[in-house]
Structures are given as C-alpha cells and as structure tokens.
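Here is a friendly briefing to read with the model open beside you. It goes through strands, disulfides, core and backbone in turn.

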Amino acid sequence: DNPAGILVTNLKGSTDVLQSLYDGSAPPHEVTCGGHSAPSCPQCPQGHGAAWCNVDCMWVNGGCVSVFKSDAVLNVQADRAAFLELVMVSPMDIQMVSLRM
C-alpha cells in the first residue's frame, strides 16, 4: 500500500524489478524462477514452495518475492555515487523510508 511513485536509479540491472518491489506491479517481462519462468515472482512456486523460487526471486516469510540484484552496487566508486530515487506522483509528506541493501 505504498503511495504512487516511480523508482529511478543509475545502477545497472533489472530496474523494472525495483518498481515491482515498490508497488507490487508485475514486471514487463517474465521473471526467471530457476528451471522455469513466470509472469511475476508470486507465480513461481506453483504449489512447490521455496524450491521453485530462485534467480530473480527469493522466498521470504512464506512467499516468493522479487529481488533486485546488481553487481554495480559492489563497484560503486567514490567519484561516481550510485543513487536510488523515489519520485512521488503527487506531492506528499513522508515520515520514513526504509531501504535495505
């Protein structure tokens, strides 16, 4: 139930997955679940649980969720900072943003 917003980053990787993580939308392409693909991570397990939730997805608290993976995070240089920006669709006051990397 996040407010409408668009995630923007200069990190390389599946940036469309970032948007999916934020607002629960389906990515514009299928995700890789391991030995198969699905329209989105919650559809990967197909009743098989965590064993069918891999690669673009991770099993968290009993469900399969998207994961943004990028080696670019490891290669950030001091003179070229990486950024992740949340642009809200309409103006609003925000009390807290939690980001874990």
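V60 stands opposite G63 in β5, and β4 and β5 pair in the antiparallel sense over four bridges. Strands here are DSSP runs of E with at least two residues, helices are runs of H or I with at least four, and both are numbered from the N terminus; two strands pair if DSSP finds at least two bridges between them. Please keep in mind that this is a predicted model, in which local features need pLDDT of at least 70 and side-chain atom pairs count only at pLDDT 80 or more, while totals for chains, interfaces and linings use all residues. Residues are numbered from 1 along each chain as its sequence is written, and side-chain values use heavy atoms, with hydrogens and water left out.

**Confidence**

- The mean pLDDT of the protein is 82, and 85% of its residues reach 70 or more; pLDDT is the predictor's confidence in each residue, from 0 to 100.
- Among the elements of the protein, β3 has the highest mean pLDDT, at 96, and helix α1 (residues 15-23) the lowest, at 79.

**The β4 and β5 hairpin**

- Two residues lie between the strands of this hairpin, and N61 takes a positive phi near 50° there.
- N61 counts as exposed, at 81% relative accessibility. Exposed means over 50% relative accessible area, buried under 20%, and partly exposed in between, with a 1.4 Å probe and protein chains only.
- In a regular strand the side chains alternate between the two faces of the sheet.
- Along β5, C64 and S66 point to one face and are buried, whereas G63 and V65 point to the other and are not.

**Three disulfides**

- A search of the whole structure finds three disulfides, where a disulfide is a pair of cysteine sulfur atoms within 2.5 Å.
- Counting bonded cysteines along the chain, the pattern is 1-3, 2-5, 4-6.
- C33 is joined to C44 with an S to S distance of 1.9 Å, and at -65° about the S-S bond this link is left-handed. C33 lies in the loop between β2 and β3 and C44 in the loop between β3 and β4, so the pair ties together parts that are eleven residues apart in sequence. C33 is buried at 1% relative accessibility, as is C44 at 0%.
- C41 is joined to C57 at 2.0 Å, S to S. The torsion about their S-S bond is about -75°, so this disulfide is left-handed. C41 sits in the loop between β3 and β4 and C57 in strand β4, so parts 16 residues apart in sequence are tied together. C41 is buried, with a relative accessible area of 0%, and C57 is buried with 5%.
- C53 is joined to C64 at 2.1 Å, S to S. Here the torsion about the S-S bond is about 90°, so the disulfide is right-handed. This pair links distant parts of the chain, with C53 in the loop between β3 and β4 and C64 in strand β5, eleven residues apart. Both C53 and C64 are buried.

**Nonpolar cores**

- Which residues make up the largest nonpolar core? There are eight in all: V31, C33, A38, C41, C44, C53, C57 and C64.
- Such a core is a set of buried Ala, Val, Leu, Ile, Met, Phe, Trp, Tyr and Cys residues joined through side-chain atoms within 4.5 Å.
- Apart from the largest core lies another, of six residues, including L7, Y22, F68 and M88.
- Leaving aside neighbours within four places in sequence, C57 is in contact (heavy atoms within 4.5 Å) with V31, T32, C41, C44, C64, V65, S66 and V67.

**Backbone points to check**

- Most residues other than glycine have a negative phi, and most peptide bonds are trans.
- V55, although not a glycine, has a positive phi of about 60°. V55 lies in the loop between β3 (37-38) and β4 (57-60) and is partly exposed, at 39% relative accessibility.
- G34 is placed in the loop between β2 (31-32) and β3 and is partly exposed, with a relative accessible area of 38%.
- Not counting residues up to four places away in sequence, G34 touches N54 and V55.
- G34 and D56 are 22 residues apart in sequence and 8.2 Å apart in space, C-alpha to C-alpha.
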